[in-house]
Amino acid sequence: MNTKLKGAMGEQFAARHLREKGYNICSANYSYGTGEIDIIAEKKKVICFVEVKTRTQGGMYAPADAVDYKKQENIKSSAAAYINSFSIKNKTRYDIVEVILSDNNDLVSINHIEDAF
């Protein structure tokens, strides 16, 4: 399975996980300029800009390690555009959801890191 398809699968698992935790999914794959936000979700009047990182089990590094400073800045820039476009007044935060898949692309684990950056 190619990387793009695996990423889309991870985003679906992440969205389902967030819904199960009581989040409302407001948007997916929101892009502005050079940045993209995988999932925008809301819970208890907090808007969460969620970066999803999907990896196959047995990797050397945690998926969240791929969200470097440049990626964070791109996400923040896109989030600012979203906030301005929709006149968001709610509290906001940036989360990461790590999705680990087996070699057969079955879900192994999900780790939701709230307020990651």
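How many residues does H2 have, and how far does H2 reach from its first C-alpha to its last? In this predicted model, H2 has 17 residues and reaches 24 Å between those two atoms, close to the 24 Å expected at 1.5 Å a residue. The buried residues of this helix are Gln-72, Ile-75, Ser-78, Ala-79, Ala-81 and Tyr-82, and what covers them includes the strands E1, E2, E3 and E4. Helix H2, which comprises residues 69-85, also holds Glu-73, a residue that is partly exposed, with a relative accessible area of 32%. Glu-73 is separated from Phe-117 by 44 residues in sequence, while the distance between their C-alpha atoms is 9.9 Å. Just after H2, the backbone of Ser-87 takes a positive phi of about 50°.

The helix H1 was examined in the same terms. For its 18 residues a span of 26 Å is expected at 1.5 Å a residue, and the end C-alpha atoms are 26 Å apart, in agreement with that value. The buried residues of H1 are Lys-6, Gly-10, Glu-11, Phe-13, Ala-14, Ala-15, His-17 and Leu-18, and the elements that cover them include strand E1 (24-32), E2, E3, strand E4 (91-101) and strand E5 (107-113).

The largest pocket of the model has a volume of about 310 Å³. It is lined by 13 residues, of which Thr-3, Gly-7, Glu-11, Val-52 and Lys-53 are the closest to its centre. Helix H1 (3-20), strand E2 (35-43) and strand E3 (46-56) are the elements that each give two or more residues to this lining. By residue class, the lining consists of nine charged, three polar and one nonpolar residue. Glu-11 thus belongs both to the residues closest to the pocket centre and to the buried residues of H1.

Strand E2 also contains Lys-43, which counts as partly exposed at 26% relative accessibility. When residues up to four places away in sequence are not counted, Lys-43 touches Lys-21, Gly-22 and Tyr-23. For one of these, Gly-22, the separation from Lys-43 is 21 residues in sequence and 6.7 Å in space, C-alpha to C-alpha.

Positive phi values were also found at two further positions outside the helices and strands. Lys-45, which is found in the loop between E2 and E3, has a positive phi of about 65° although it is not a glycine, and at 64% relative accessibility it counts as exposed. Asp-115, which lies in the segment after E5, is likewise a residue other than glycine with a positive phi, near 55°, and it counts as exposed at 54% relative accessibility.

Finally, the cysteines were considered. A disulfide is a covalent bond between the sulfur atoms of two cysteines. A search of the whole structure finds zero disulfides. Cys-26 is in no disulfide, and the cysteine sulfur nearest to its own, that of Cys-48, is 8.9 Å away, whereas the cut-off for a disulfide is a pair of sulfur atoms within 2.5 Å. The converse holds for Cys-48, which is in no disulfide and has the sulfur of Cys-26 as its nearest cysteine sulfur, at 8.9 Å. As for their surroundings, Cys-26 is partly exposed, with a relative accessible area of 37%, while Cys-48, at 1% relative accessibility, counts as buried.

Technical notes:
Residues are numbered from 1 along each chain as its sequence is written. This is a predicted model: local features need pLDDT of at least 70, side-chain atom pairs count only at pLDDT 80 or more; totals for chains, interfaces and linings use all residues. Side-chain values use heavy atoms; hydrogens and water are left out. On a 1 Å grid over the protein atoms alone, a cavity is a set of points where a 1.4 Å probe fits but cannot get out, and a pocket is an open set with protein on both sides within 12 Å along at least five of seven lines; lining residues have an atom within 4 Å of a point. Grid points are joined across faces, edges and corners, and a volume is the space filled by probe spheres set on the points. Helices (H or I, at least four residues) and strands (E, at least two) are DSSP runs, numbered from the N terminus. Ala, Val, Leu, Ile, Met, Phe, Trp, Tyr, Cys and Pro count as nonpolar, Asp, Glu, Lys and Arg as charged, and the others, Gly among them, as polar. Buried means under 20% relative accessible area, exposed over 50%, partly exposed in between (1.4 Å probe, protein chains only). The expected span of a helix is 1.5 Å times one less than its number of residues. Contact means heavy atoms within 4.5 Å.
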